[in-house]
Amino acid sequence: MQIRALMYFDELVRTNSMRQAAENLNVAPTAISRQIENLEYHFGAPLVERSARGVKLTAAGELLAARAGRTLRELDHVGQLIEDLKGLQRGRVSIYANGATVANLLAPALAEFSLKYPKLRFEVTIASARQAVEAVNAAEADIAMILFAPPVSGTKVRLRSEIHYDLIVSPRHAAADREEVQLKDIADYALALPDQSFGFRQALDALLEKAGLSPEPVFVTSSLEMLKELVLSGAAVTLLPALTVRREIEAGQLVAVPLAARSAIRTHVDLCVAPDRQLSFAATKLLDFIERFMRERQGGERKS
């Protein structure tokens with residue numbers, strides 16, 4: 001069985017069309033059909049059923065489709081490791097990140113890293129924290145960078161950076177000029193918070209319960225952008241790591257008010273990798289760089 005046959009089959013599964021798969025691979029439709037027939041001969045079972053509406057996978061085809069993509073990605077990964085042995089003349093790193101980590105965490109780190117290693121290429125996919133972890137487990141990503149991580153299993157947390165939360169308010173808010181705020185003060189404000197699937201929200205709820213407080217948020221959302229917009233408009237305050245709204249703070253649009261020590265809330269940015277998969281040299285170098293970048297950025301935030 002040839003790798004090409006698996007590549008053609010994988011593209012056919014993805015497009016559900018002989019013609020479209022042929023166009024994407026820049027080959028004739030007969031070439032796709034011939035490679036599918038080779039696979040069917042190899043496995044001794046029909047893999048697809050052809051009709052005017054496209055192709056439909058048989059039970060055997062479904063079984064192969066579930067494994068062909070991962071097999072091809074693993075072969076690409078082996079190729080990357082071989083390139084490493086040649087001195088990293090070129091390389092590619094696939095990263096999944098949830099939205100909260102992108103603008104002020106991952107983007108500047110990648111920009112600086114790329115200037116140091118201009119021959120490397122990066123593919124960044126924005127997804128939920130859970131989707132990012134699943135992508136690592138399925139070998140679709142080398143690294144998952146996630147904030148507000150849900151409880152997950154199957155991945156290895158390669159690097160972890162502690163994140164401190166501040167009260168984020170409009171400059172017009174009464175708390176904007178305070179040096180710090182207590183948890184009981186926050187309970188009196190109109191709150192916009194992430195939903196309870198987020199690790200931060202679970203930590204906050206536990207602290208509030210311990211303090212005997214039970215504020216009801218005015219707004220609950222899974223969107224960081226929505227939280228920011230609500231605070232920018234003056235409709236609410238929120239709790240976020242200051243570095244996730246660094247741009248707005250520097251522009252004077254938002255203010256980060258530290259929480260008093262007793263009210264401190266901390267979670268982590270996790271850099272996750274697959275536990276059973278060797279990282280390429282490029283991915284390893286990027287992990288090390290992001291760790292240093294995060295420590296320097298976090299240190300600067302706490303001093304400011």
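Colleague: What makes Glu225 count as partly exposed?

Modeller: Keep in mind that this is a predicted model. Glu225 comes out at 47% relative accessibility. Buried would need under 20% and exposed over 50%, so 47% puts Glu225 in the partly exposed class.

Colleague: And Lys228, why is that one called buried?

Modeller: Its relative accessible area is 8%. The cut-off for buried is under 20%, so Lys228 is buried.

Colleague: What makes Lys228 and Glu225 a salt bridge?

Modeller: Their closest N and O atoms are 3.4 Å apart. The rule asks for a Lys or Arg side-chain nitrogen within 4 Å of an Asp or Glu carboxyl oxygen, so the pair qualifies. Both sit in helix 9 (residues 224–232), 3 residues apart, about one turn of the helix.

Colleague: How do you know that Glu248 pairs with Lys228 as well?

Modeller: Same kind of check: N to O is 3.1 Å, and the limit is 4 Å, so that's a salt bridge too. Glu248 belongs to helix 10 (residues 246–250) and Lys228 to helix 9, so this pair ties together parts 20 residues apart in sequence. Both partners are buried.

Colleague: Why do you say that Arg92 and Glu123 tie parts of the chain together?

Modeller: Their side chains meet in a salt bridge, 3.3 Å from N to O. Arg92 lies in strand 3 (residues 91–97) and Glu123 in strand 4 (residues 120–126), so the linked parts are 31 residues apart in sequence. Arg92 is partly exposed at 45%, and Glu123 is partly exposed at 39%.

Colleague: How many salt bridges does the rule give?

Modeller: The count is 8.

How values were computed: Residues are numbered from 1 along each chain as its sequence is written. This is a predicted model: local features need pLDDT of at least 70, side-chain atom pairs count only at pLDDT 80 or more; totals for chains, interfaces and linings use all residues. Side-chain values use heavy atoms; hydrogens and water are left out. Helices (H or I, at least four residues) and strands (E, at least two) are DSSP runs, numbered from the N terminus. Buried means under 20% relative accessible area, exposed over 50%, partly exposed in between (1.4 Å probe, protein chains only).
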